[in-house]
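Colleague: I've got a model open and would like a close look at a single part of it. Could you take that one spot and then walk me outward from there?

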Amino acid sequence: VKEEPFTVLIVSHNLNLEGAPIQMYEIIKGLKSQTNWNFIVSSPADGPLRELYSKIDCKIVLFENPIEVLARGENDYKGVVKDFSSFIKEFNPNLLFANTLVTHYAINASYQIDIPSIWSIHESSGVTEFFGHYSDELQENVRNAFQEAYANIFVAKSTAQLFEKDNLLNNFLVINNGVDFPKKSFSKSQIRTNKKRLGIPENKINFLNLGTVCSRNGQLDFVLAAIELLKEGLDCHFTLVGARRKDEAGEYLK
């Protein structure tokens, strides 16, 4: 009898070319090259990562965002978790891997049906700060998820420390990781061309801040530091990459 491959159901909050989803892709790509595991990637929002996943033979499944269902008042949190438990059962996974705090419902749901889960936390905001505008019930279930997961993975010690009071089962691990950008060198002429295209004077040093623009990533510190350096006479240029639509970034972009 042919043995079925180990199946991992990935739950991501989107398939955009953003930090956490890209890191998840890099991890899966690495595991695919070293194992015969079967990866099913699920998300409530489609995006350009779908094409990259298809190239490494990963199935993509879209689902309705449970948080949006809650917001519309069509179900309570227990109902949302029950429905997502049914969604998980469809794939009969050996393991569920949830990416970012936003996918807390997947941890709650997998626990209800006795499927082990791993939760990868990237956000540097505590539960109260991150979910402060949600109900007390939802926040309580987020805290429960830290105990329901087999392991909670953090990419930095400083991030893990923010959640230490929720480490009741000593199941927090720090595994440093990042994005594996292709190693590429640029000629001087290419650098000049790129600077011109971006409106950066050729003779100026350019400082790049790369990451989703939002308050918890602290780009404001970068801007304030740039102002001080310019006041001191440093002749350079500063670039922020990662702005989102105003309705997503809110007041921070202003």
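In which loop is Asp-114 found?

Modeller: Asp-114 is found in the loop between helix 5 (104-112) and strand 5. Keep in mind that this is a predicted model, so everything here is computed from it. What catches the eye at Asp-114 is the backbone: phi is positive, about 60°, although the residue is not a glycine. As background, most residues other than glycine have a negative phi. Asp-114 has a relative accessibility of 72%, and because the cut-off for exposed is over 50%, Asp-114 counts as exposed.

Another aspartate can be put beside it. Asp-57 has a positive phi of about 60° and is not a glycine either. Asp-57 is found in the loop between helix 2 and strand 3 (59-62). With a relative accessible area of 61%, Asp-57 is exposed.

Now follow the elements that flank those two loops. Strand 5 (117-121), on one side of the Asp-114 loop, is among the elements that give two or more residues to the lining of the second largest pocket. That pocket has a volume of about 320 Å³. Its lining takes in 18 residues, and Met-24, Ile-27, Leu-31, Phe-97 and Ile-175 lie nearest its centre. Besides strand 5, the elements that supply two or more lining residues are strand 1 (7-11), helix 1 and strand 4 (95-99). Helix 1 gives the largest share, seven residues. Sorted by class, the pocket lining has 13 nonpolar, four polar and one charged residues.

Helix 2, on one side of the Asp-57 loop, takes you to the cavity instead. Searching the whole structure turns up one cavity of 30 Å³ or more, with about 30 Å³ of space in it. Its lining is made up of Ile-10, Ser-12, Asn-14, Leu-15, Pro-21, Met-24, Val-41, Leu-49 and Tyr-53. Helix 1 (19-34) and helix 2 (49-55) each supply at least two of the lining residues. By class, the cavity is lined by seven nonpolar residues, two polar ones and no charged ones. Met-24 is worth clicking on, as Met-24 is in the cavity lining and also among the residues nearest the centre of the pocket.

For a buried residue to set against the two aspartates, try Thr-159. Thr-159 sits in helix 8 (residues 157-162), and at 3% relative accessibility Thr-159 counts as buried, the cut-off being under 20%. Setting aside neighbours within four places in sequence, Thr-159 is in contact with His-122, Glu-123, Ser-124 and Phe-154.

Helix 4 (residues 77-89) is a good place to check the geometry. Its 13 residues, at 1.5 Å a residue, should span 18 Å, and the end C-alpha atoms are 19 Å apart, which agrees. Buried residues in helix 4 are Tyr-77, Gly-79, Val-80, Val-81, Phe-84, Ser-85, Phe-87 and Ile-88. When you look down the axis, recall that an α-helix has 3.6 residues a turn, so residues three or four places apart point the same way.

Last come the charged pairs; the structure holds eight salt bridges. Glu-74 and Arg-72 meet through their side chains at 2.6 Å, N to O. Glu-74 counts as exposed at 53% relative accessibility, while Arg-72 is partly exposed at 42%. Glu-64, Arg-72 and Glu-74 are joined into one network by salt bridges that share partners.

Then there is Glu-202 with Arg-192, whose closest N and O atoms are 4.0 Å apart. Glu-202 is in the loop between helix 9 (188-198) and strand 8 (205-210), and Arg-192 is in helix 9, 10 residues apart. Glu-202 counts as exposed at 55% relative accessibility, and Arg-192 as partly exposed at 40%.

Lys-204 forms a salt bridge with Asp-235, with the closest N and O atoms 3.5 Å apart. Lys-204 lies in the loop between helix 9 and strand 8, and Asp-235 in the loop between helix 10 (219-231) and strand 9 (236-241), so this pair ties together parts that are 31 residues apart in sequence. Lys-204 is partly exposed, with a relative accessible area of 23%, and Asp-235 counts as partly exposed at 47%.

Technical notes: Residues are numbered from 1 along each chain as its sequence is written. This is a predicted model: local features need pLDDT of at least 70, side-chain atom pairs count only at pLDDT 80 or more; totals for chains, interfaces and linings use all residues. Side-chain values use heavy atoms; hydrogens and water are left out. On a 1 Å grid over the protein atoms alone, a cavity is a set of points where a 1.4 Å probe fits but cannot get out, and a pocket is an open set with protein on both sides within 12 Å along at least five of seven lines; lining residues have an atom within 4 Å of a point. Grid points are joined across faces, edges and corners, and a volume is the space filled by probe spheres set on the points. Helices (H or I, at least four residues) and strands (E, at least two) are DSSP runs, numbered from the N terminus. Ala, Val, Leu, Ile, Met, Phe, Trp, Tyr, Cys and Pro count as nonpolar, Asp, Glu, Lys and Arg as charged, and the others, Gly among them, as polar. Buried means under 20% relative accessible area, exposed over 50%, partly exposed in between (1.4 Å probe, protein chains only). Contact means heavy atoms within 4.5 Å. The expected span of a helix is 1.5 Å times one less than its number of residues.
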